[in-house]
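Work through the exercises below with the model open. Each one sets a task and then solves it step by step.

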Amino acid sequence: MITLHLIGIGTGNPDHVTMEARHAIAGADLVLVPEKGDGKSDLADLRRQIVAQVCDAPPVIEGFGMPVRDPALPYLERVERWHDAIAARWSEAIARHPQARDVALLVWGDPSLYDSTLRIAARLDPQPRLRVVAGITSLQALTAAHAIPLNTVNGPVVITTGRQLRDHGWPEGAETVAVMLDGACSFDVLEPDGIAIWWGAFLGMENQILEAGPLAEAGPRIVAARARAREAHGWIMDIYLLRRSG
Ligand SMILES: C[S@@+](CC[C@H](N)C(=O)[O-])C[C@H]1O[C@@H](n2cnc3c(N)ncnc32)[C@H](O)[C@@H]1O
């Protein structure tokens, strides 16, 4: 029976790769690496670099092309069909290496947070044994970079997406809101008074950018910094924390 190791690798800084992750990668005999081919290939390169760094005798690395989502389908169905297609690519890649027993996937950040690797793994037939190795999340990288606590004393935290914030506004009753997967600075739908923001892009990477302050002042700076960085790199990954005072 195959064991599928889903290994959190942190958010782009090779130092985020924990000892547990290093041992799991070094113990694998096959590593599957997604290749997006959309300007994010440096993430595939980074995964390959991490494997090379932590293994004396590198395991077999099998790249697989990521399928594209069908824009004609409604959102949820589009994602479901996309996950089916990715699971099929994994199965094909694994089948090309019938001797492999420990198969690894290097998961950005941690597999529990806005990542569908576990949902895709659940589609595999036959089901492999699953092992998850925890990784540093982008949320942890953000709070560490700004040296702030995630929550206030006894306070709850809502973790959501840019799409949710844009469509539904400030989550009811929330004090602290962490926003991920936001391609459009969705904080601009909020009435900024009394809200502070801590923003980070490319966290843990060489080109990390940070901005923070009252939303009314920092918001426009973030919109400009984001546009510049996106223009310079061709893509961007960013995350932010919003906190309402009073
Ligand atoms: C598909 S989710 C994956 C999250 C990942 N599993 C984690 O634990 O952080 C991708 C989102 O995570 C955030 N993210 C991931 N890496 C980041 C980084 N290095 N800097 C800033 N945000 C990042 C962004 O909000 C991005 O849109």
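Domain bounds here come from an automatic or database domain assignment. The model is a predicted one.

**Exercise 1. Place the ligand relative to the domains.**

Task: Find where the ligand lies with respect to domain 1 and domain 2, and say why.

Step 1. Take the bounds: domain 1 covers 3-136, and domain 2 covers 139-244.
Step 2. Count the shell. A residue belongs to it if one of its heavy atoms lies within 4 Å of the ligand. The ligand is surrounded by 17 residues. The closest are Trp108, Leu113, Ser138, Leu203 and Asp238.
Step 3. Combine the two. Both domains give residues to this shell, so the ligand lies between them.

**Exercise 2. Describe the ligand's surroundings.**

Task: Identify backbone atoms that approach ligand nitrogen and oxygen atoms, then give the burial and the make-up of the shell by class.

Step 1. Start with nitrogen. A polar backbone atom of Leu113 is 2.8 Å from a ligand nitrogen. Leu203 also places a backbone N or O atom 2.8 Å from a nitrogen atom of the ligand.
Step 2. Go on to oxygen. Here the partner is Asp238, with a backbone N or O atom 2.6 Å from a ligand oxygen.
Step 3. Add the burial. The ligand alone exposes 560 Å², and the protein buries 90% of that.
Step 4. Sort the shell by class. Nine residues are nonpolar, five are polar and three are charged.

**Exercise 3. Trace the parallel sheet.**

Task: Give the strand order of the sheet that holds β1, and find its edges.

Step 1. Read the order. It is β3-β2-β4-β1-β5, an open sheet of five strands with parallel pairing.
Step 2. Find the edges. β3 (60-65) and β5 (129-133) each have a single partner strand, so one side of each lacks a neighbour in the sheet.
Step 3. Note the twist. From one strand to the next, it averages 25 degrees.
Step 4. Check one pair. β1 (residues 3-8) and β4 (residues 102-107) run parallel and share six bridges. Thr3 has Asp102 as its bridge partner in β4.

**Exercise 4. Trace the mixed sheet.**

Task: Do likewise for the sheet that holds β10.

Step 1. The order is β6-β7-β10-β8-β9, an open sheet of five strands with mixed pairing.
Step 2. β6 (157-161) and β9 (209-214) are the edge strands, each with a single partner, so each has one side without a neighbour in the sheet.
Step 3. Neighbouring strands are turned by 15 degrees against each other on average, direction ignored.
Step 4. Four bridges link the antiparallel strands β7 (residues 176-180) and β10 (residues 238-244). Among the residues of β7, Ala178 pairs with Leu241 of β10.

**Exercise 5. Inspect two loops.**

Task: Which peptide bond is cis, and which residue other than glycine has a positive phi?

Step 1. The bond from Asp125 to Pro126 is cis, with omega near 5 degrees. Pro126 sits in the loop between α4 (117-121) and β5.
Step 2. Cys185 has phi near 45 degrees, a positive value. Cys185 belongs to the loop between β7 and β8 (195-201).

Terms used
Residues are numbered from 1 along each chain as its sequence is written. This is a predicted model: local features need pLDDT of at least 70, side-chain atom pairs count only at pLDDT 80 or more; totals for chains, interfaces and linings use all residues. Side-chain values use heavy atoms; hydrogens and water are left out. A polar contact is a pair of N or O atoms within 3.5 Å; within protein, one must be able to donate a hydrogen and the other to accept it, and residues adjacent in sequence count only if both atoms are side-chain atoms. Accessible areas come from the Shrake-Rupley method with a 1.4 Å probe; for residues, only the protein chains shown count as cover. Ala, Val, Leu, Ile, Met, Phe, Trp, Tyr, Cys and Pro count as nonpolar, Asp, Glu, Lys and Arg as charged, and the others, Gly among them, as polar. Two strands pair if DSSP finds at least two bridges between them. Helices (H or I, at least four residues) and strands (E, at least two) are DSSP runs, numbered from the N terminus. Axes are lines fitted to C-alpha atoms, for helices over the stretch in contact, and angles run from 0 to 180 degrees between N-to-C directions.
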